[in-house]
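Please walk me through this protein, one piece at a time, in words that suit someone new to structures.

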Amino acid sequence: MNTVPNHMPFSGYSDAYALPRIIRCEANLYLAQFAFMKLLPAKYIIEQALSRGELAPGIKVLETSSGTFALGLAVVCRELGLQLEIFTDPVMDKGLQNRLDSLGAEVFIVTEKAKQGGFQRSRLDALHGRMRQLGQSCFWPRQYETPDNPAAYKPFADQISEMVGADITLVGSVGSGGSTCGTIERLRQIAPGARLIGVDTFNSVIFGQPDGERKLRGLGNSLVPGNVKHKLYDEVHFIAAPLAFTATRSLHEQHAVFAGPTSGASYTVGRWRAREYPKETVVVICPDEGHRYVEAVYDQEWLKQNGCLHEGVLPDAPFSEEHPTTALPPWNRYRWNQKSREAVLNALEDDYNEPR
């Protein structure tokens with residue numbers, strides 16, 4: 001395992017951990033491992049809001065998040081002396097909640113799931129209610145919608161370009177859409193032929209799966225974020241939780257890369273792609289380290305109790321379905337071919353309506 005050092009000058013915690021280490025783990029396979037990736041857009045969104053006058057001391061920052069975007073905001077707001085309120089749901093682990101409390105953020109846990117849109121909709125509803133209370137004295141970063149989210153990844157794309165070149169295949173998990181879309185847009189300014197593979201999970205609506213319970217967190221969504229630009233994706237892979245968890249442990253055991261389960265999901269796809277297309281340079285985005293998952297993904301008993309052990313031999317390649325709505329676990333590949341979401345879903349509807 002060879003690590004490419006990052007020699008950027010650092011001036012604070014959010015600067016020091018904003019960009020990842022680039023790790024080469026196979027001949028044409030690189031991992032971009034962030035300490036926690038959402039620090040990058042959190043820092044950029046807040047800085048841009050301050051520069052535009054949308055945010056100032058005394059104005060509260062409000063956001064809905066159950067993961068590391070909340071932590072990124074908490075770090076940045078602590079550094080800048082800003083107040084932060086986070087609206088989340090019971091899926092947020094206690095360790096993360098404790099860190100947010102320690103950093104001075106107020107955490108509100110929404111316990112009722114909306115019939116349409118699940119917890120993400122009910123969290124948004126709670127946030128909107130709080131905004132009505134505060135009026136002009138609050139700022140909502142809108143990670144799922146603001147163009148500042150994808151724009152924040154320009155330095156990361158430039159880092160990749162400088163280290164391994166811009167004509168790459170980028171593999172990354174899709175939640176808000178910021179990291180994959182923002183990075184590939186910048187890379188394609190330099191190398192128009194750069195390829196993008198999105199990694200989602202089953203029961204996420206982003207690429208057309210029906211909404212449902214998801215044991216694999218940190219990617220997927222019950223709503224379709226505005227920052228997911230579907231026409232940028234060449235392929236979409238759906239990964240089930242047990243496979244992602246097993247791959248996460250394998251990544252640590254084989255390469256000493258200590259990462260979270262979204263990294264394991266993307267590593268599964270990236271490793272296959274690198275071996276299937278040896279002339280391509282494949283870069284896998286690993287959004288965070290594994291500390292939050294020591295008592296879950298890295299715990300055999302937890303996996304057993306939660307029905308998350310992968311049974312049988314790990315698949316070497318994905319199944320390929322003709323449409324994302326028909327994809328089945330544990331791993332499916334769909335050739336998206338830079339189409340709009342509407343075009344893909346309408347094609348299925350047309351197939352159903354054809355005379356038999």
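Just past the end of helix 5, G135 adopts a positive phi of about 65 degrees. Keep in mind as you look that this is a predicted model. Helix 5 itself covers residues 118-134. With its 17 residues, helix 5 spans 25 Å from the first C-alpha to the last, close to the 24 Å expected at 1.5 Å a residue.

Now see what helix 5 rests on. Helix 5 lies across strand 4 (60-64), strand 5 and strand 7, and its direction is at about 160 degrees to that of strand 4. Several residues of helix 5 are buried, among them G118, L124, L127 and L134. R123 and Q120 also belong to the buried group of helix 5. The cover over these buried residues includes strand 4, strand 5 and strand 7. A general point helps when you view a helix: an α-helix has 3.6 residues a turn, so residues three or four places apart point the same way.

Let us turn to the strands beneath that helix. They belong to an open sheet of four strands in the order 6-5-4-7, with parallel pairing. Why do strand 6 (106-109) and strand 7 (138-139) each have one side without a neighbour in the sheet? Both stand at the edges with a single partner strand each, so one side of each is left free of a sheet neighbour.

You can follow the pairing from strand to strand. Strand 5 (residues 84-88) and strand 6 run parallel and are joined by four bridges; T88 has I109 of strand 6 as its bridge partner. Four bridges also join strand 4 to strand 5, again in parallel, and here E63 is partnered by I86 of strand 5. On its other pairing, strand 4 meets strand 7 in the parallel sense over two bridges, where V61 stands opposite F139.

How enclosed is strand 4 by the rest of the structure? Five of its five residues are buried, so strand 4 is largely enclosed. In a regular strand the side chains alternate between the two faces of the sheet. In strand 4, K60, L62 and T64 are buried on one side, and V61 and E63 are buried on the other, which leaves both faces covered.

Next, find Q143 in the loop between strand 7 and helix 6 (148-151). Is Q143 buried or exposed? Q143 has a relative accessible area of 2%, so it counts as buried. Its contacts from farther along the sequence, beyond four places away, include E63 and T64, along with K38, N149 and N227.

Another buried residue sits in a different element: V171 is part of strand 8 (residues 169-173) and has a relative accessible area of 0%. Setting aside neighbours within four places in sequence, V171 touches residues including I197, V199, V269, V283 and I285. Its C-alpha atom is 26 Å from that of P141, which is 30 residues away along the chain.

Finally, look at a pair of helices. Helix 9 (residues 241-255) and helix 10 (residues 261-276) pack at an angle of about 80 degrees, with their axes 7 Å apart, and that angle makes them roughly perpendicular. Helix 9 contributes residues such as L243, F245 and L251 to the contact, while helix 10 contributes P261, Y267 and R271, among others. The residues of this contact divide into eight nonpolar, six polar and one charged.

Definitions and conventions: Residues are numbered from 1 along each chain as its sequence is written. This is a predicted model: local features need pLDDT of at least 70, side-chain atom pairs count only at pLDDT 80 or more; totals for chains, interfaces and linings use all residues. Side-chain values use heavy atoms; hydrogens and water are left out. Axes are lines fitted to C-alpha atoms, for helices over the stretch in contact, and angles run from 0 to 180 degrees between N-to-C directions. Angles under 35 degrees count as roughly parallel, over 145 as roughly antiparallel, 65 to 115 as roughly perpendicular and the rest as oblique. Contact means heavy atoms within 4.5 Å. Ala, Val, Leu, Ile, Met, Phe, Trp, Tyr, Cys and Pro count as nonpolar, Asp, Glu, Lys and Arg as charged, and the others, Gly among them, as polar. Two strands pair if DSSP finds at least two bridges between them. Buried means under 20% relative accessible area, exposed over 50%, partly exposed in between (1.4 Å probe, protein chains only). The expected span of a helix is 1.5 Å times one less than its number of residues.
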